Amino acid sequence: MTPGRRPGGRLVRSYVVTDGRAHPSRNTLDLVTLLIAADDLPLTGLNPEKRRLMELCRPGALSVAEVAGHLELPVSVTKVLIADLMDSGHLVTRAPVPAARLSDARILQEVLDGLRARL
């Protein structure tokens, strides 16, 4: 592999993709944050990476980690791009559905005992 060339053939450095910024304008993005693209905003004026990111998210929601993998960019760089698109209204985010909590065994036993008493 040629020095400076990434597996996907990218020659552009990460700091060029983010306009020299190392941190996103928001610190609310997690690897599993879901990204949903706005359908009504044009993609004109977006750099190629942002345009590709929007094209990936338009069919449905993708996580930050999935988008970074598809773009073959580090997650930190992807988060900067995502934050820019959120600021412009191109993307909205949604936290993933939290894992269900296990029910208290004592409460379940009381419900079961109450049902048995009625039958």
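This briefing covers confidence, the sheet, the nonpolar core and one loop residue. The model is predicted. The protein chain averages a pLDDT of 81. Three elements of the picture recur below: a sheet ordered β2-β1-β3, a nonpolar core of 21 residues, and L35, which has a bridge partner in β2 and ranks among the core residues with the most contacts inside it.

**Confidence**
- A pLDDT of at least 70 is reached by 77% of the residues.
- Residues 1-6 fall below 50.
- That stretch, residues 1-6, still has 11 contacts in the model beyond near neighbours in sequence.

**Sheet**
- The sheet is open and holds 3 strands.
- Its pairing is antiparallel.
- β2 (62-63) and β3 (91-94) are the edge strands, and each pairs on one side only.
- β1 spans residues 34-37 and pairs with β3 over 4 bridges.
- The pairing of β1 with β2 runs over 2 bridges.

**Residue pairs across the strands**
- L34 has R94 as its bridge partner in β3.
- L35 stands opposite T93 in β3.
- On the β2 side, L35 has L62 as its bridge partner.
- In a regular strand, side chains alternate between the two faces of the sheet.

**Nonpolar core**
- The largest nonpolar core has 21 residues.
- Those with the most contacts inside this core are L35, L53, M54, C57, V67, I82 and L91.
- β1, α2 (48-57), α3 (64-71) and α4 (75-87) each supply at least two residues of the core.
- α4 gives the most, with 5 residues.

**Contacts of V67**
- V67 is one of the core residues with the most contacts inside the core.
- Leaving out residues up to four places away in sequence, V67 touches L35, L53, L56, C57, L62 and T78.
- Two of these partners, L35 and L62, are also bridge partners of each other.
- L35, L53 and C57 are themselves listed among the core residues with the most contacts inside it.

**Loop residue D30**
- D30 lies in the loop between α1 (14-17) and β1.
- Its relative accessible area is 46%, so D30 counts as partly exposed; the cut-off for exposed is over 50%.
- D30 and A95 sit 65 residues apart in sequence.
- In space, the C-alpha atoms of D30 and A95 are 8.5 Å apart.

Definitions and conventions
Residues are numbered from 1 along each chain as its sequence is written. This is a predicted model: local features need pLDDT of at least 70, side-chain atom pairs count only at pLDDT 80 or more; totals for chains, interfaces and linings use all residues. Side-chain values use heavy atoms; hydrogens and water are left out. Two strands pair if DSSP finds at least two bridges between them. pLDDT is the predictor's confidence in each residue, from 0 to 100. Contact means heavy atoms within 4.5 Å. Buried means under 20% relative accessible area, exposed over 50%, partly exposed in between (1.4 Å probe, protein chains only). A nonpolar core is a set of buried Ala, Val, Leu, Ile, Met, Phe, Trp, Tyr and Cys residues joined through side-chain atoms within 4.5 Å.
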